[in-house]
Amino acid sequence: MKKRLWNQLITTTAAVTLVCGSLFVSNVQPVSAAPANVMPPIIPKPANFTGKTGSFTINSSTTIYVQGKDATETQEIADNVGGYIKNKFAVAAGFSLNVVKAAPSGTNYLYFTTTGDDYSAMKAEGYNLDVATDHITVTANKPAGLFYGMDTIRQMLPADIEKKLLDYLSPLF
C-alpha cells in the first residue's frame, strides 16, 4: 500500500489553485524564506497563486481534521489523506498527529474537506490550498483533489522529511 501511495505521489498531475505562505516542521527551517508572491517550487505548477507572508508550523500538537460530504467519503479522506500525513510525520518527524473526522476547532490544524462551497468547477482532482499562520485548509470537490492538495503540502516540507521517508521505504523497493 505504501508503495502504491508513493507511486501516486510521483505521478501527480492535478490542476491546482494555491494560496500559501511557507511551512515549518517542528524546529526545522522554513521551506521557503522567499518574499510574498514568489511561487514555491512545486509540481504541477498551480493554475493560480497568491503569496502571503508568514508561516505555519506543524508540530506534535497539530491536528488533522477531515470532512467529506457523507460518512463514506469522510472515512476515505481519513484513510487516504489523513492517514498518509499521520504516517509521514510518525516516520520523518517522530510524532503522531491525531486524525479527527469533523470540522476543525481552535488553531494549529490541517483541514481537508469537500464540504462547504460548490467546488464542482474544480473537477475531480482540483483543489484550493490556504496556508495561514495558525492552520492549513485544503478544499476540493472530490477526495482525489484533497490527496493532490496534500501532495503539494508534502512538496513544501523540508527535504529531510523525504530522505527519512525514503530510508523507511527503501526495504519495499
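Let's start inside the fold: the largest cavity is lined by Ile 58, Ile 85, Lys 88, Phe 89, Leu 110, Met 150, Ile 153, Arg 154 and Leu 157. Two elements, α2 (71-92) and α3 (143-156), each give two or more residues to this lining. Sorted by class, the lining holds seven nonpolar residues and two charged ones, with no polar residue. The charged pair is Lys 88 and Arg 154. Keep in mind that this is a predicted model.

How much space is there? The largest cavity has a volume of about 40 Å³, and the count of cavities of 30 Å³ or more comes to one. As background, rolling a probe the size of a water molecule over the atoms shows where empty space is left.

Now for the chain around the cavity. Four helices and seven strands make up its secondary structure. From start to end of the sequence, these elements are arranged as α-β-β-β-α-β-β-β-β-α-α. Helix α2 is thus followed in the pattern by four strands, and then come α3 and one further helix.

A few values for the whole chain are gathered here.

| Property of the chain | Value |
|---|---|
| Residues that count as buried | 46% of 173 residues |
| Contacts joining residues at least 24 apart, among those between residues at least 6 apart in sequence | 73% |
| Accessible surface | about 8,400 Å² |
| Share of that surface belonging to carbon and sulfur atoms | 53% |

For the contact value, two residues count as touching when heavy atoms lie within 4.5 Å.

Technical notes. Residues numbered from 1 in each chain as written. Predicted model: local features only at pLDDT ≥ 70, side-chain atom pairs only at ≥ 80, totals over all residues. Heavy atoms only, no water. Buried < 20%, exposed > 50% of the residue type's maximum accessible area, 1.4 Å probe, protein only. Areas by Shrake-Rupley, 256 points an atom, 1.4 Å probe, with all protein chains shown as cover. 1 Å grid on protein atoms, 1.4 Å probe; cavity = no way out; pocket = protein on both sides within 12 Å on 5 of 7 lines; lining within 4 Å. Points joined across faces, edges and corners; volume = space filled by probe spheres on them.
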